Amino acid sequence: MRFVQIIRLKTVGLYIFACILLWLLCLPQDLLARPGPELALLMGVVLPWFSGPMGARIAVMWRTSGASKGQLWFWLLVSNLLGVGVVLVLSLAFSLVRKPCGIAQGTLFILLGPTIGVFYTSLWGAFFGITLSSFFSSILSLIIPLISFCWAAYLFWSTPAIQFYSHVFGYFPGTLYDTDVSVELSFVWLRLITLLWTIGLIILISTWDHRSFWKVAIVLLFWTSAITGEWYGDELGLWSSVKAIEQNLGQRLEGERCTAILPRELPKKRAERWLEDCDFRIEQIEKSMRVSFSGRIQAFFFRNHQEKKRFMGASHTYIAKPWRREVYLQLSSWPHPVLRHEIVHVVAGAIASGPFRVAGRWGGIWPSPGIIEGVAVALAWDSIDGMTPHQWARALLEIGRTPTISKVEGIAFLLEPPSRAYTANGSFVRWIIESRGIEAIHKLYRSGSYEEALGIPVQQAEKEWREFLRTVPLPSHAIPMAQLRFEKPALFGQVCPHAIASIEAELSSAIARGDEEKALDYCNLILSIDPTHLNARINRITLLARLGRFTEAETELDTLIANGAGSAVSRYARERLADMYWRMGQIERTRSLLEMNLELPQTEDDRRQVEVRLHALGLDTEAQKVLRAFFSPDSDETIDAAVQMALLARLIQSQRSTGLAAYLIARQMFHRERFDETLYWIGVARGYGMPLQSIEREAERMEAISLYATDRLIDAENLLKRMREEAREANELGRAVEIEDWLERVHWKIERLRSEQTVGP
């Protein structure tokens, strides 16, 4: 039988047709049409359902043809490669025509993923084809991808992981909007194990008609080696376990409601503070949701996003698994900015039904990410850059980028830019709570339907919500900050996101080691892929200035502004450029750029940064020199925290701008969670006199938090109450929300201490 007869098989034609059709369906979406993890995953999920029956049918025809075993392997290999090869060639051609980027990495994903996966599946089909009839072999060949997907679902259910490796579909990175996706060593280990299964399978097929003890023993040797590799999959990074994560982190603390797993090197006092934060958030969410949550929550705090990616797959994404009562985060500033959000997911599981304890259709089997994340934002109501989610949603409305709630209620939520989708859905759910009560959220989470929860069409509710947003007051910086924050499109709307993410990592590394020339090359490379990339533009301005090429830096800034960059973007660029001028001793140009920025709408934190720099420029030469080294250190000098502290101490000793110097020391102590020292240096700063009102406001915030952290709770409560009244009088909604959260924390701890005293010895 000739190869042309094989090609004419319906199963082969169907497989090749499926390959081409799959790519054509991806063609409208740039990210899916080019080589990369997304296209590789789609191919790995779809094509094995066709390659398995194809392999079975080829084997059946070979069995009756009298052809050699070599011909069988040739037919199987060429048939599989023909389909995958067509997709690879088409996607490469598309990428070369549109914009070549990440081609090598994307091709590697396809080669390690579906190319091997479809051949592996077709081999199993071939094995069934030489042992069973045509019908049964085709049916059984479908079991292989089915088992693979069921195993991935089991791992998702039973382990912390959200990334998965499979001999059939290859690699699933876990989230659709995390750009930090690359071929890891774990993928190579997977394919080495696949090779062991494949070699054993080839030997089994080759010797099926004349089996012997030694041939069977060789097959078992290869398969036993493969099973051993699977057994040690957690160590190879193929899957994860709580035990492996806990052993890696090394510190376990038990609280009243929370178990915290933290890095072993984290000091005990700091670790206990994180545990307390978790305990508080559980009770806070229970109270606000009016639910009773039984059991404990395990909170895993990884050292950094790389470690979290290694053990569970979520790099820059925080994750909760409500059915496991676990949350997974990396260490950040205390209290953790996202812990409350993730705990909402777990506590809300007390309301939901179904195996995953999330909102959605059919008991959460078909989840509704818009409702799930909307409830988390609404219950973990916080302030970002001095604005509440209602205010950010109003700003979204003003710039015309508000997503339609009814369209992003379900899986379409994942295709929206996360910043927009989270903000809009969170504000909408919060509006439901404020207008209809928390009971409506209970109905919403159980049913997974806005209509069932509200009793009206979601379009009508959305219209009422938008009318409400028009009444929400906005600070002056809201619109320009919203234009910057919500500018980035969703992953599928970005240009070569994985390639750019990889280059950005190299850029950060080059900047950290002081290699400005190499960093500038990386900026140029990013801009050659995406000329609108704002961070690359801003970094390029900074790097040109660092290299002394100020004329080019100024031209780049003018070009940025002329191309329509918003005031927030131009402000960041000017601030970076001003720091470089300051470093070079060009005081007047530094002052000119900073004064331009002072006139722009901006957050309180950003304005304080400008005011402090301008204040420093008005001091004598010696004080300027010290503060310049603090705010804009020379890359040719060693200016670490110890040197900065010594420089500030010199300012205090010489009686130059002592209030500012003491405040800056207090701020350094605050960020290092040395709260006793923070309070001391705030007192010193006030004794000398705070030079700016903005500094006094920030010192007041740090003082309130430090009073809480040092258990001076009554003092913290009194200060926070005064700050709350001031914020309300000034209509500072974001600041008031932050203060209210701290007051809840203070009251919780007071009650906790009273309870301990009551039940104590």
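What percentage of the 761 residues of the protein count as buried? The answer is 55%. Keep in mind as you look around that this is a predicted model.

**The protein as a whole**

The chain folds into 37 helices and nine strands. Its C-alpha atoms fill a box of roughly 100 × 65 × 55 Å along the principal axes. The radius of gyration is 30 Å, which agrees with the value near 27 Å that a compact globule of 761 residues would have. Among contacts with a separation of 6 or more, 68% join residues 24 or more positions apart. On the outside, the accessible surface comes to about 32,500 Å², and carbon and sulfur atoms account for 58% of that area.

**A pocket to explore**

Rolling a probe the size of a water molecule over the atoms shows where empty space is left. The second largest pocket holds about 610 Å³ of space. It is lined by 20 residues, and those closest to its centre are Gln284, Lys287, Ser288, Arg340 and Glu744.

Which helices each supply at least two residues of this lining? They are α14 (268–289), α19 (418–436) and α37 (733–759). The largest share, seven residues, comes from α37.

Here is the lining of the second largest pocket sorted by class:

| Class of lining residue | Number in the lining |
|---|---|
| Nonpolar | seven residues |
| Polar | three residues |
| Charged | ten residues |

To find this pocket in your viewer, you could start from Gln284, Lys287 and Ser288, which are among the residues closest to its centre.

Definitions and conventions: Residues numbered from 1 in each chain as written. Predicted model: local features only at pLDDT ≥ 70, side-chain atom pairs only at ≥ 80, totals over all residues. Heavy atoms only, no water. 1 Å grid on protein atoms, 1.4 Å probe; cavity = no way out; pocket = protein on both sides within 12 Å on 5 of 7 lines; lining within 4 Å. Points joined across faces, edges and corners; volume = space filled by probe spheres on them. Helix = DSSP H or I, 4+ residues; strand = E, 2+ residues; numbered from the N terminus. Nonpolar A, V, L, I, M, F, W, Y, C, P; charged D, E, K, R; others polar. Rg over C-alpha atoms; globule rule 2.2 N^0.38 Å. Buried < 20%, exposed > 50% of the residue type's maximum accessible area, 1.4 Å probe, protein only. Contact = heavy atoms within 4.5 Å. Areas by Shrake-Rupley, 256 points an atom, 1.4 Å probe, with all protein chains shown as cover.
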